[in-house]
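Colleague: Please take me through one part of this protein in detail. I would like a close look at the largest pocket, and then at what sits around the strands.

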Amino acid sequence: GEKMTASVINLNGNAKNAVNLILNGREISIDKKGNFNESIALLLGYNVISMEAKDKFGNNDIKDYKLIYKP
């Protein structure tokens, strides 16, 4: 339920032990250490950002983040 005032946000971080990272249904690039940096445009109002990480053993973890864009 975080309120945002910018229409574009920069997501960056580290997906430890991940070999594949999916942001809102599309694969994004990660380096060998698991670092990522991606920009995403928000729609006016309520937004859900979904991140899924998969490791080399086939395990996955999904996190959903809820944001409200109100300029």
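Modeller: Here is the pocket, followed by one strand residue, the core and two loop residues. This is a predicted model, where local features need pLDDT of at least 70, side-chain atom pairs count only at pLDDT 80 or more, and totals for chains, interfaces and linings use all residues. Residues are numbered from 1 along each chain as its sequence is written, and side-chain values use heavy atoms, with hydrogens and water left out.

Start with the space itself. The largest pocket holds about 230 Å³. A pocket is an open set of points on a 1 Å grid over the protein atoms alone, where a 1.4 Å probe fits, with protein on both sides within 12 Å along at least five of seven lines. Its volume is the space filled by probe spheres set on the points, which are joined across faces, edges and corners. Lining residues have an atom within 4 Å of a point. There are 17 of them, and Ala-15, Ala-18, Leu-21, Ala-53 and Asp-61 are the closest to the centre. Strands S3 (18-23), S6 (45-55) and S7 (60-69) each give two or more residues to this lining. Strands here are DSSP runs (E, at least two residues), numbered from the N terminus. S6 gives the largest share, 5 residues.

Stay on S6, which also contains Asn-47. Asn-47 is buried, at 8% relative accessibility. Buried means under 20% relative accessible area, exposed over 50%, and partly exposed in between (1.4 Å probe, protein chains only). A polar atom of the Asn-47 side chain lies 2.9 Å from the backbone oxygen of Gly-45. Beyond four places in sequence, Asn-47 is in contact (heavy atoms within 4.5 Å) with Leu-42, Tyr-65, Lys-66, Leu-67 and Tyr-69.

Next comes the core. The largest nonpolar core has 14 residues, and Ile-9, Leu-23, Ile-49 and Met-51 have the most contacts inside it. Such a core is a set of buried Ala, Val, Leu, Ile, Met, Phe, Trp, Tyr and Cys residues joined through side-chain atoms within 4.5 Å. S3 supplies the largest share of this core, 3 residues. Leu-23 touches, among others beyond four places in sequence, Leu-11, Ile-40, Ile-49 and Met-51.

Finish with the loops. Most residues other than glycine have a negative phi. Asn-17, in the loop between S2 (8-14) and S3, has a positive phi near 65°. Asn-17 is exposed, at 61%. Asn-24, in the loop between S3 and S4 (26-28), also has a positive phi, about 50°. Asn-24 is partly exposed, at 40%.

Key
Helix = DSSP H or I, 4+ residues; strand = E, 2+ residues; numbered from the N terminus. Polar contact = N/O pair within 3.5 Å; in protein donor to acceptor, adjacent residues only side chain to side chain.
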